[in-house]
Each structure stands twice: as structure tokens, then as C-alpha cells.
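Dear colleague,

I am handing over the structure we spoke about, together with some notes on what was found in it. Please read the notes with the structure open beside them.

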Amino acid sequence: QVQLVESGGGLVQAGGSLRLSCAASGRTFSSFAMGWFRQAPGKEREFVAAINWSGVKTYYTDSVKGRFTISRDDAKNTVYLQMNSLKPEDTAVYYCATGRIASYYVNEYDYWGQGTRVTVSS
């Protein structure tokens, strides 16, 4: 069993930055890939970024490429999402998740955090 606790969401103006954190416990953190997803009002949950078990490979959806950075700190059992140059269309609830493989698909992740809300004003 894996537990994920997220933090770092909030209200920010367009062009600003936020850093989301997700702390994991219950299993060996270094053995799992990590991903970030988001869900905007009235829309389905969508892929944002992922990082493989070693931290060497990262993946991003096109809309955030060059603005967001995913990273992990195995010593702290924590994954981060640094979000820069935020836009109103980034407004959503952001979720972290863990699974065996870094993937674009939500059904390939086994455990999910509670979500943290990000609101970007114009």
C-alpha cells in the first residue's frame, strides 16, 4: 500500500510560478515511476508529466513543455512539479500518482494523492 500527500497549490496570477510537492510512504519510493495529472472543471483527468524510476527520463504533454519541470528526490520520497509562466488554462486540480511504469495513461497508475487546487487568474 502507498500513501501520497500533496501540497503547494494555491492562487496565482498569470505569468507566475508554483511548485507542487507529493510525499510518498508505505512502499519503496525508488522502485516506482511518478506522474502528475490534472482535472479542470467539466473535463476529464489529463496527463501532465511523468518521471521514470531512476529519474533519468521525463515526459510532458505539449501544452506544458518548456514551462513545467518534474523531478524526484528519493532520499525524501518526494516528487515535485515546478510550474512557471502559468496561464489561466492551467487552472485545475492537480493529482500525483505512482505506478510501475511512467505512462501517459491514467489506468497504468496504482495509487493517487488527494489532489491540490491550482487557480491562475488573468
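In the hairpin of β7 and β8, four residues lie between the strands, and Asn-77 among the residues here takes a positive phi near 50°. Strands are DSSP runs of E with at least two residues, numbered from the N terminus, and two of them count as paired if DSSP finds at least two bridges between them. By that rule β7 and β8 run antiparallel and are joined by six bridges, with Asp-73 standing opposite Thr-78 in β8.

This is a predicted model, in which local features need pLDDT of at least 70 and side-chain atom pairs count only at pLDDT 80 or more, while totals for chains, interfaces and linings use all residues. Residues are numbered from 1 along each chain as its sequence is written, and side-chain values use heavy atoms, with hydrogens and water left out.

The hairpin belongs to an open sheet of four strands with antiparallel pairing, in the order β1-β3-β8-β7, whose edge strands, β1 (3-7) and β7 (68-73), each pair on one side only. On its other side, β8 (residues 78-83) pairs with β3 (residues 18-25) in the antiparallel sense over six bridges, and Cys-22 stands opposite Val-79 in β8.

As for the protein as a whole, there are 11 strands and zero helices. Its radius of gyration, taken over C-alpha atoms, is 13 Å, which agrees with the value near 14 Å that a compact globule of 122 residues would have, the globule rule being 2.2 Å times the number of residues to the power 0.38.

With best regards
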